[in-house]
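Here are my notes from a read through this one, written for someone who'd rather be at the bench. Have the structure open while you go through them.

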Amino acid sequence: IFHLLLLHLLISVTHTYNCYDQKCWGTKLYNSTSIPCDLAQNHCQLNNITGYPSCLQHFDTIGIKCGDQCKCVTDDRGRAACSCPNKYIIMISVALIGVVLAGILWFVYFRCKMSKGLPMDTARAEEEAEGRRNLKYAVDDE
């Protein structure tokens, strides 16, 4: 069992990277020189004397692990980085959208209720109607 757990751990560790640099950069005289090199399947090597970069095929390189909600991006220098949405901005946006939608639904509901001629407060409407009837009878009596 211990061997199976160790094997599982080894496999999970070796397959956790999903974002890699895309260029090899030189050093010394060639510090501004780069060559394309997908480090997911290749490896950078530098000439010890000149510093010129080379891309060796079929050597694994350590990359970085981007989470499920993040994506791998590379800058103009070919360096890999994870681009993740800001969780707080997402939560605030969802809350704000919810409040706005609730306000719109509330407005539409009461606007429709008023446009149908239905009073918002039935008891108050009945009192007003009774008051108008009493006023009519008072005017008729004069």
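The points below go from the overall layout to single residues.

1. **What we're looking at.** Keep in mind that this is a predicted model. The protein has three helices and six strands. Reading from the N terminus, the order is α-β-β-β-β-β-β-α-α. Of its 142 residues, 10% count as buried.

2. **The aromatic pair.** You'll find one aromatic pair in the structure. Y30 and Y52 make it, in an edge-to-face arrangement with 5.0 Å centre to centre and 90° between the planes. Y30 sits in the loop between β1 (23–25) and β2 (34–36), while Y52 is in the loop between β3 and β4 (53–57), so the pair ties together parts that are 22 residues apart in sequence. Are these rings buried or exposed? Neither, quite: Y30 is partly exposed at 30% relative accessible area, and Y52 is also partly exposed, at 37%.

3. **K28, in the same loop as Y30.** K28 belongs to the loop between β1 and β2, the one that also holds Y30. Its phi is near 55°, a positive value in a residue other than glycine. That's worth a glance, because most residues other than glycine have a negative phi. K28 is exposed, with a relative accessible area of 52%; the cut-off for "exposed" is over 50%.

4. **The salt bridge.** There is one salt bridge in the structure. It joins the side chains of R79 and D75, at 3.2 Å from N to O. As general background, side chains of opposite charge can pair when their charged atoms come close. Both partners are partly exposed: R79 has 44% relative accessibility, and D75 has a relative accessible area of 32%.

5. **An arginine over a tryptophan.** Which residue lies over the face of W25? R77 does, at 3.8 Å from the ring centre. If you're picking views for a figure, here's one to try.

6. **N42 and its backbone partner.** N42 is in strand β3 (residues 42–46). Its side chain reaches the backbone oxygen of D38 at 3.0 Å. N42 counts as buried, with a relative accessible area of 13%, because the cut-off for buried is under 20%.

7. **P53, in strand β4.** P53 is found in strand β4, and at 1% relative accessibility P53 counts as buried. Where is P53 relative to C37? Their C-alpha atoms are separated by 10.0 Å, and the two residues are 16 apart along the chain.

8. **The nonpolar patch.** Have a look at the surface around L96, I97, V100, L101, I104, W106, F107 and V108. Together these residues form a nonpolar patch with about 820 Å² of accessible area. One of them, L101, lies in helix α2 (residues 87–115). L101 is partly exposed, with a relative accessible area of 49%. That falls short of "exposed", because the label needs over 50%.

9. **Where to start looking.** If you only have a minute, I'd go to the Y30 and Y52 pair, then the R79 and D75 salt bridge, and then the nonpolar patch that includes L101.

Definitions and conventions
Residues are numbered from 1 along each chain as its sequence is written. This is a predicted model: local features need pLDDT of at least 70, side-chain atom pairs count only at pLDDT 80 or more; totals for chains, interfaces and linings use all residues. Side-chain values use heavy atoms; hydrogens and water are left out. A salt bridge is a side-chain nitrogen of Lys or Arg within 4 Å of a carboxyl oxygen of Asp or Glu. Buried means under 20% relative accessible area, exposed over 50%, partly exposed in between (1.4 Å probe, protein chains only). Helices (H or I, at least four residues) and strands (E, at least two) are DSSP runs, numbered from the N terminus. A polar contact is a pair of N or O atoms within 3.5 Å; within protein, one must be able to donate a hydrogen and the other to accept it, and residues adjacent in sequence count only if both atoms are side-chain atoms. Patches are made of residues with over 30% relative accessible area and no salt bridge: like charges are joined within 9 Å, nonpolar side chains (Val, Leu, Ile, Met, Phe, Trp, Tyr) within 5 Å. Accessible areas come from the Shrake-Rupley method with a 1.4 Å probe; for residues, only the protein chains shown count as cover. Rings of Phe, Tyr and Trp (its six-membered ring) pair if their centres lie within 6.5 Å; planes under 30 degrees apart count as stacked, over 60 as edge-to-face and the rest as tilted. A charge sits over a ring if NZ of Lys or CZ of Arg is within 6 Å of the ring centre and within 35 degrees of the ring normal.
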